[in-house]
Structures are given as structure tokens and as C-alpha cells.
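Let's take a walk through this structure, starting from one residue and working outwards. Keep the 3D view open as you read.

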Amino acid sequence: MLRWSIHPPALKDSLGILLPKPSKGDYDAFASYRVIALMQTFSIIAERIINQRLIQFAKASGLYSIRQTGSLPQRATFDAGISLKYWVQEAQPAGLKASTMFLDIKGGFDNVDHGTLLRRLRSKDTPEYMTRWISNFIAYRQCAIIFPVSPRSMKGISTGIPQGSPLSPILFVIYVEPLHSCLDPIRELIISYVDDIQITVSSHS
């Protein structure tokens with residue numbers, strides 16, 4: 001599969017499980033649920049192999065922002081919390097007040113544009129076999145949404161990356177790196193955990 005850069009169509013079918021998002025007022029709306037794709041076991045093995053290789057390459061080539069935590073080795077939520085605490089403590093002796101805004105990229109995984117993602121991978125000379133395999137992996141996928149008495153009929157998916165795949169988090173982290181690049185890291189503390197972003201500034205106000 002890796003030698004020929006293909007992911008067989010038989011491994012691209014997945015079952016979508018609906019998980020309710022916390023603290024939503026209206027659970028009659030589809031937007032109040034998250035679809036987690038249950039991947040086939042053999043597919044997950046291949047995804048984990050590519051995931052490990054891509055993480056090593058992305059770290060060496062700067063494919064993701066150093067301000068990104070989560071889904072990366074030695075970079076967890078604990079690191080994000082300690083960084084925020086340190087920034088606030090540094091501001092206090094200078095008589096400054098720290099203000100933090102928390103942002104969430106709505107439907108992040110579901111709205112990844114395939115062309116943009118592949119251009120990001122090629123911009124840092126990602127090994128061609130890996131880029132071609134990822135291109136094949138994310139294209140022409142099918143998913144059946146599972147709920148009581150559902151017919152389990154497969155429907156084609158033309159955008160996004162499967163939430164539930166071990167490969168998707170690193171792909172998304174690479175995809176949103178330009179968002180970090182356009183922000184000013186000198187005046188603000190900018191840290192994100194996959195699709196959740198925090199921007200902290202300190203001032204006299």
C-alpha cells in the first residue's frame with residue numbers, strides 16, 4: 001500500500017457514530033452532535049504507520065507551529081496550561097492585566113479542504129509517496145451514519161478528514177499552521193490545542 005501510494009477503496013468505508021456535544025441546549029439539531037468515524041482495523045494500522053512517519057518529518061521540517069499542543073509528542077494540554085500561567089504571572093509584577101480569548105474552529109476536521117492540505121504538505125517537500133498516499137486516503141471516502149433503525153447506507157464524502165482516524169489530528173495541525181504564522185507572537189501568547197486556540201495579551205487596561 002505504501003509502495004504504490006494507495007489506500008484500497010474497501011478500507012475507506014466507515015461507520016459514523018453520533019456523540020452528543022456537551023452543554024448544548026437543543027439536541028434536536030444535528031449540529032449538537034459530533035460524528036466519530038469508526039475505521040476498519042487494517043486501515044488504522046496503515047494510518048498509524050503514516051502518522052508516526054509524518055510526525056517525525058513535520059517536526060524536522062517545520063510543517064506545524066511550535067505553538068501547537070496536542071496530537072504531538074511531548075506537547076500536551078499541561079504544556080498549554082503552564083504557558084498561560086507563566087504569561088499571567090510575568091505580567092503581574094509589571095502592573096499589567098492579562099486578558100485571554102478562547103476560540104474554536106467550528107467543524108474543523110469536517111471542513112478541511114483537500115487541495116489546500118496537499119499543497120501544505122508539498123510546500124515542505126514531504127516525501128512524495130507519503131503525500132500521494134494521504135491524497136488517496138482522504139479522497140472518495142464513504143460513511144454510514146449509525147442510529148437506531150438506520151438503514152446503514154453508505155454516502156460519499158468529498159471534503160474533510162475523518163474524525164476518529166489516528167492520522168487526522170496531525171493532518172489538521174499541519175493544515176492550520178498558516179493561521180499561527182499570520183499572528184504576532186511577540187505581543188501575544190498564542191497557543192492552540194488542535195482546533196482550540198487561545199490568544200492572551202497583557203496591558204494596563
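**Starting from one threonine**

Find Thr 69, which sits in strand S3. Keep in mind that this is a predicted model. Is Thr 69 buried or exposed? Its relative accessible area is 3%, and anything under 20% counts as buried, so Thr 69 is buried.

What does Thr 69 touch, leaving aside residues up to four places away in sequence? One group of contacts is Arg 75, Ala 76, Asp 79 and Ala 80. The others are Ile 191, Ser 192, Tyr 193 and Val 194. Of these, Ile 191, Ser 192 and Tyr 193 fall within strand S7, which covers residues 189-193.

That leads us to the sheet. Strands of a sheet pair through backbone hydrogen bonds, and they can do this in parallel or antiparallel fashion. Here, four strands form an open sheet in the order S3-S7-S8-S4, and the pairing is mixed. Strand S3 (68-69) and strand S4 (97-104) are at the edges with a single partner strand each, so each has one side without a neighbour in the sheet. Further in, S7 runs antiparallel to strand S8 (residues 196-203), and five bridges link the two. Look again at Tyr 193, one of the residues touching Thr 69: its bridge partner in S8 is Asp 196.

Now move over to another set of paired strands, beginning with S1. Strand S1 (residues 13-20) has strand S2 (residues 33-38) as an antiparallel partner, with six bridges between them. If you want a place to look, Gly 16 is opposite Ala 37 in S2. S1 also pairs with strand S5 (residues 141-146), this time in parallel and through five bridges. In that pairing, Leu 15 faces Ala 144 of S5. S5 in turn pairs with strand S6 (residues 155-157), running antiparallel over three bridges. There, Arg 141 has Ile 157 of S6 as its bridge partner.

On to the helices. A packed pair of helices is described by the angle between the axes and the distance between them. Helix H1 (residues 41-61) and helix H4 (residues 128-138) have axes that come within 11 Å and cross at roughly 140°. That angle makes H1 oblique to H4, and the crossing is left-handed. Which residues meet there? From H1 come Ser 43, Ala 46, Glu 47, Ile 50, Arg 53 and Leu 54, while H4 brings Tyr 129, Met 130, Trp 133, Ile 134 and Phe 137. By type, the residues of this contact are eight nonpolar, one polar and two charged.

The second helix pair is helix H3 (residues 114-123) with helix H5 (residues 168-175), whose axes are 9 Å apart at an angle of about 80°. This makes H3 roughly perpendicular to H5. On the H3 side, the contact uses Thr 116, Leu 117, Arg 120 and Leu 121, and on the H5 side Leu 171, Ile 174 and Tyr 175. Sorted by type, that gives five nonpolar residues, one polar and one charged.

Definitions and conventions. Residues are numbered from 1 along each chain as its sequence is written. This is a predicted model: local features need pLDDT of at least 70, side-chain atom pairs count only at pLDDT 80 or more; totals for chains, interfaces and linings use all residues. Side-chain values use heavy atoms; hydrogens and water are left out. Two strands pair if DSSP finds at least two bridges between them. Axes are lines fitted to C-alpha atoms, for helices over the stretch in contact, and angles run from 0 to 180 degrees between N-to-C directions. Angles under 35 degrees count as roughly parallel, over 145 as roughly antiparallel, 65 to 115 as roughly perpendicular and the rest as oblique. A crossing is left-handed if the near helix is turned anticlockwise from the far one by less than a right angle, and right-handed if clockwise. Contact means heavy atoms within 4.5 Å. Ala, Val, Leu, Ile, Met, Phe, Trp, Tyr, Cys and Pro count as nonpolar, Asp, Glu, Lys and Arg as charged, and the others, Gly among them, as polar. Buried means under 20% relative accessible area, exposed over 50%, partly exposed in between (1.4 Å probe, protein chains only).
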